[in-house]
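Good morning, colleagues. Please take a moment to look at the sequence and the structure on the screen before I begin.

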Amino acid sequence: MQLEHRGPYFVPLYEPLPEDVQFYYDGKPLKLSLATEEIATFYAKMLDHEYTTKEIFQNNFFNDWRKEMTSEEQEIIKDLDKCDFREIHKYFVDKNEARKALSKEEKQKLKEEADKIQEEYGYCILDGHREKIGNFKTEPPGLFRGRGEHPKMGMLKKRIMPEDVIINCSRDSKIPEPPEGHKWKEVRFDNTVTWLASWTENIQNTFKYIMLNPSSKLKGEKDWEKYEVARRLKGVVHTIRAQYRKDWKSKEMKERQRAVALYFIDKLALRAGNEKEEGETADTVGCCSLRVEHIQLHPQLDGQEHVVEFDFLGKDSIRYYNKVSVEEPVFTNLQLFMKNKDPTDDLFDKLTTNFLNRHLQHLMDGLTAKVFRTYNASITLQEQLKALTNPEDNVAGKLLSYNRANRAVAILCNHQRSVPKTFARSMQVLQEKMDAKKKQVEEAQEEVKKAEDEFEDTKDAKAKANVEKKKKLLKRLEEQLAKLNIQAMDREENKQIALGTSKLNYLDPRISVAWDTFHCSRLLQAPSSLALDTARDVVERTLLGNWSPLVSCGLHRCKKFGIPIEKIYNKTQREKFAWAIDMADEDFEF
């Protein structure tokens with residue numbers, strides 16, 4: 001009913017390079033106009049990135065850059081290979097290093113400035129309550145990267161101006177004022193949407209929004225509703241599966257195609273594949289928009305029967321490649337769907353996502369193809385956690401099991417990432433730590449042996465106490481080494497898998513909270529003095545009011561001796577999933 005806010009914070013205007021930092025063309029320094037120089041800095045900053053080695057990135061950048069040049073610059077700059085950005089690149093590298101080397105006081109000053117901007121622009125009033133806004137800043141200009149081999153990589157992302165922005169607020173609120181000398185594209189009073197400001201980005205002509213923070217009440221309710229719909233699917237999924245198996249033999253080709261597509265969406269967690277907007281050139285597809293060229297059928301392959309080999313670009317141009325053995329009727333239907341078709345013809349030529357989703361709505365209220373993805377991701381996490389977690393493992397071992405369960409979901413959902421640039425170096429540093437720890441363990445083993453020999457000779461109490469002391473030290477070092485080994489294993493397994501997407505969007509957080517709480521409660525039940533002392537400490541602190549209600553809940557009792565929730569969710573994620581942390585206990589079942 002009420003929405004009032006300050007509008008977006010616009011990124012500062014471009015500051016020109018110092019006079020002594022030069023751009024060179026064909027070996028000679030060339031002074032660029034301000035707009036041309038700014039775009040040159042975008043490319044220069046990325047010189048050490050893999051993107052700038054790709055021909056499509058280079059071509060797109062150079063084409064867009066030339067459009068922004070003056071006519072004089074266009075006459076001179078005609079070949080990217082003759083452009084030398086190295087001095088500009090070095091300037092930004094040095095600037096970044098200088099920022100890292102700032103004194104504590106200087107960093108604090110920058111933080112205070114950022115906090116001041118956050119305070120002014122980062123909050124809104126929604127129905128009388130002060131709510132945090134998500135990303136309240138407009139996106140800075142730069143070069144589009146995209147994911148995978150995106151055909152538009154390297155194109156110029158233009159600066160967002162107030163004239164591009166639509167403001168949304170309530171009629172009775174104070175309308176935010178645009179920066180001096182500017183005006184908004186439009187002001188709307190629409191309480192049927194949840195965005196505060198919107199604009200269209202120039203690369204793919206998609207809408208960008210300023211929304212409430214994920215931790216807001218409105219977002220939390222939407223999250224809860226999404227997972228509750230997926231939980232309801234659990235009750236009817238067996239009926240739906242029986243129905244689509246029956247439809248594999250339907251006399252209607254449309255129904256057969258729908259049934260096979262639904263099988264893939266269910267079994268492989270494929271996206272439905274919504275029709276793309278006009279003008280988008282990335283050749284990305286989903287299940288309903290698969291073409292004949294995207295699959296190959298193998299009656300037998302690698303010792304399996306009825307194998308379908310998928311190879312296509314999915315969302316964000318991420319390649320989906322998979323070989324999967326399917327049920328015989330599915331295989332037979334696919335042969336039928338492909339008959340007398342060219343490679344570029346649609347596999348499901350009678351099917352649209354709208355037709356599929358209308359059918360799903362009849363089967364269960366609120367059901368869409370996307371709900372299957374959420375359901376299968378969440379149920380997979382829950383089953384994997386039960387299968388992989390050993391209650392006797394230490395915290396590091398349990399967290400490895402958690403990450404492996406999360407990885408199983410990320411693989412199911414095809415959430416890939418490039419190997420981080422810092423991966424090799426971080427693994428080297430970790431290996432050095434492991435080598436040093438192994439040496440400490442070996443030295444500690446020798447110390448234990450010496451102490452035992454001394455005790456054998458003397459048999460006195462002091463020597464016996466020394467043996468116990470050395471053994472405790474050895475045990476502690478062995479545990480530390482084991483923890484490092486687990487860490488190395490986890491990093492290696494995770495180097496090309498993105499865990500964050502599924503964790504934020506597809507996994508019911510109550511599953512993680514319940515798993516965490518369960519393993520904490522086991523420790524609370526343990527008859528150790530540490531557990532009892534810590535439990536008493538929690539009760540005392542809670543009664544004294546030293547901890548917030550959230551921190552004093554059962555989950556956070558694990559801070560000293562169990563699995564800290566911080567190991568699973570970072571601060572932002574804990575704020576987003578505060579509703580789940582507050583709601584779920586160890587008995588929660590998805």
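I shall go from the protein as a whole to one pair of helices and then to one tyrosine.

Please keep in mind that this is a predicted model. The protein contains 18 helices and 15 strands, and its C-alpha atoms fill a box of roughly 95 × 75 × 55 Å along the principal axes. Of its 590 residues, 42% are buried. Among contacts with a separation of 6 or more, 67% join residues 24 or more positions apart.

Turning to the surface, about 33300 Å² is exposed, and carbon and sulfur atoms supply 50% of that area. As for charge, there are 99 positive and 99 negative side chains, and the centres of these two sets lie 3 Å apart.

Next, the helix pair. Helix α11, residues 395–412, packs with helix α13, residues 461–494, at an angle of about 10°, and their axes are 10 Å apart. Angles under 35 degrees count as roughly parallel, so α11 is roughly parallel to α13. On the α11 side, the contact is made by Ala396, Gly397, Leu400, Asn403, Arg404 and Arg407. Helix α13 contributes Lys483, Ile486, Met489, Asp490, Glu493 and Asn494.

Finally, I come to Tyr91, which lies in helix α4, residues 86–100. Is Tyr91 buried or exposed? The relative accessible area of Tyr91 is 22%; buried would require under 20% and exposed over 50%, so Tyr91 is classed as partly exposed. Leaving aside residues up to four places away in sequence, Tyr91 touches Leu17, Pro18 and Val21. By contrast, Ile565 is 474 residues from Tyr91 along the chain, and their C-alpha atoms are separated by 41 Å.

Definitions and conventions: Residues are numbered from 1 along each chain as its sequence is written. This is a predicted model: local features need pLDDT of at least 70, side-chain atom pairs count only at pLDDT 80 or more; totals for chains, interfaces and linings use all residues. Side-chain values use heavy atoms; hydrogens and water are left out. Helices (H or I, at least four residues) and strands (E, at least two) are DSSP runs, numbered from the N terminus. Buried means under 20% relative accessible area, exposed over 50%, partly exposed in between (1.4 Å probe, protein chains only). Contact means heavy atoms within 4.5 Å. Accessible areas come from the Shrake-Rupley method with a 1.4 Å probe; for residues, only the protein chains shown count as cover. Lys and Arg count as positive and Asp and Glu as negative; His and the chain ends are not counted. The place of a charge is taken as NZ of Lys, CZ of Arg, CG of Asp or CD of Glu. Axes are lines fitted to C-alpha atoms, for helices over the stretch in contact, and angles run from 0 to 180 degrees between N-to-C directions. Angles under 35 degrees count as roughly parallel, over 145 as roughly antiparallel, 65 to 115 as roughly perpendicular and the rest as oblique.
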